[in-house]
Amino acid sequence: MTTTLSVNLNAVAMLRNRRDLPWPSVEALGRIALQAGASGLTVHPRPDQRHIRFSDLPVLRALIDDEFPDAEFNIEGYPSEDFLALCERIQPEQVTLVPDDPAQATSDHGFDFRATGEMLKPIVARLKKGGMRVSLFADGDGDVEAVALAKATGADRIELYTGPYGGCFDNPERGIEFLELLGRTADAALAHGLGVNAGHDLTVDNLPALVKRIPALAEVSIGHGLTADALEYGMAETVRRFCRACGQTI
């Protein structure tokens, strides 16, 4: 199984929003990413629209539908009624639900499935009825019972929160410990029939070890590190570098 890359465009949108100008273009850079080999685009529209704006969503939906029909659109967000209605209107191939408070700077933890499992069940069912794959943000801490509870919600996949692993860029020994916890979580998810995605602070340096430990890893969603590299290498070459780090021949 080859791990696919979904390019998160939030950081591009945040840079654009520093000025009341149409550049950098989220659509144009999304197009370059898909042309270079990305398998999809990810956005996380927050209520304050501090990066991705609601007006970006139909533009990106049309980009994929019209020019890259084999690509996927992944929309992340907290499952408020407004967010669910937004997903039903835009119809992404995948919805990734996260437990974020709207004021959070970024996603920094997975769901507590013991506390939220029953709440998530009807939400997952609603999205799946609309034809969308559902992934739930999960801590990669090796908690096998939590993975079973995630499965019980009816979700299709979990997305492993890899922030602690990515934060070990200057402590490789600690990184190995976090990698094994991620691997145990993925092993349990796969045993329960859940697909496994991953995202947060992933780079071309730490991706190969993650893919080696979790060879059935379906997708990684990467924004900050990829956008940072794009400033140095350009978007197209950066996407190719990340695809190669995922084990793709490109």
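**Strands, helices and charged pairs**

Across from Val 7, in strand S8, sits Ile 222. This is a predicted model.

Q: Which strand pairs with S1 in the parallel sense over four bridges?
A: S1 runs over residues 4–8. One clue to its partner is Val 7, which faces Ile 222 in S8. The parallel pairing over four bridges joins S1 to residues 219–222, and that strand is S8.

Q: In S2, what is the bridge partner of Ser 6?
A: S2 covers residues 40–43 and pairs with S1 in the parallel sense over three bridges. Within S2, the residue bridged to Ser 6 is Gly 40.

Q: How many of the five residues of strand S1 are buried?
A: Buried means under 20% relative accessible area. Asn 8 lies in S1. Asn 8 passes that test, because its value is 11%. S1 is largely enclosed by the rest of the structure, because the number of its five residues that are buried is four.

Q: The side chain of Asn 8 reaches the backbone nitrogen of which residue?
A: Asn 8 also has contacts beyond its neighbours within four places in sequence, including Thr 42, Glu 76 and Gly 223. Its side chain comes to 2.9 Å from a backbone nitrogen, that of Asn 10.

Q: Which residues does UniProt list for "binding site"?
A: The UniProt entry is unreviewed. The listed residues do not all gather at one spot, because the farthest two C-alpha atoms are 25.9 Å apart and the residues span 217 places in sequence. The record names Asn 8, Arg 19, Asp 201, Gly 223 and His 224.

Q: Is Gly 223 buried or exposed?
A: Gly 223 is found in the loop between S8 and helix H10. The cut-off for buried is under 20%. Gly 223 has 12% relative accessibility, so it counts as buried.

Q: What is the relative accessible area of Arg 16?
A: Arg 16 lies in helix H1, residues 10–16. It touches residues beyond four places away in sequence, among them Trp 23, His 51 and Asp 56. Its side chain also reaches the backbone oxygen of His 51 at 3.4 Å. Arg 16 counts as buried because its relative accessible area is 5%.

Q: Which residues of helix H4 are buried?
A: H4 spans residues 81–90. Its buried residues lie on the same side of the helix, because they cover an arc of only 155 degrees around the axis. What covers them includes H3, S3, S4 and H5. The buried residues are Phe 83, Leu 84, Leu 86, Cys 87 and Ile 90.

Q: On the other side of H4, which residues are exposed?
A: Exposed means over 50% relative accessible area. On the side of H4 facing away from its buried residues, the exposed ones are Asp 82 and Arg 89.

Q: Just after H4, which residue takes a positive phi?
A: The helix itself spans residues 81–90. Just after it comes a residue with a positive phi of about 60 degrees, Gln 91.

Q: How many salt bridges does the structure hold?
A: Side chains of opposite charge can pair when their charged atoms come close. One such case is Arg 240 with Glu 237, whose closest N and O atoms are 3.1 Å apart. Both lie in helix H11, three residues apart, about one turn of the helix. The number of salt bridges in the structure is 20.

Q: Asp 65 forms a salt bridge with which residue?
A: The partner shares helix H3 with Asp 65 and lies four residues away, about one turn of the helix. Asp 65 is partly exposed, at 43% relative accessible area. The partner is buried, at 9%. With closest N and O atoms 2.9 Å apart, that partner is Arg 61.

Q: How many residues apart are Asp 156 and Lys 128?
A: These two form a salt bridge, with closest N and O atoms 3.4 Å apart. The pair links distant parts of the chain: Asp 156 is in the loop between H6 and S6, and Lys 128 is in H5. Their separation in sequence, in residues, is 28.

Terms used:
Residues are numbered from 1 along each chain as its sequence is written. This is a predicted model: local features need pLDDT of at least 70, side-chain atom pairs count only at pLDDT 80 or more; totals for chains, interfaces and linings use all residues. Side-chain values use heavy atoms; hydrogens and water are left out. A salt bridge is a side-chain nitrogen of Lys or Arg within 4 Å of a carboxyl oxygen of Asp or Glu. Helices (H or I, at least four residues) and strands (E, at least two) are DSSP runs, numbered from the N terminus. Buried means under 20% relative accessible area, exposed over 50%, partly exposed in between (1.4 Å probe, protein chains only). Two strands pair if DSSP finds at least two bridges between them. A polar contact is a pair of N or O atoms within 3.5 Å; within protein, one must be able to donate a hydrogen and the other to accept it, and residues adjacent in sequence count only if both atoms are side-chain atoms. Contact means heavy atoms within 4.5 Å. UniProt positions are given in the numbering used here, feature names are shortened, and annotations may be inferred rather than shown by experiment. The arc is that of the directions from the helix axis to the C-beta atoms.
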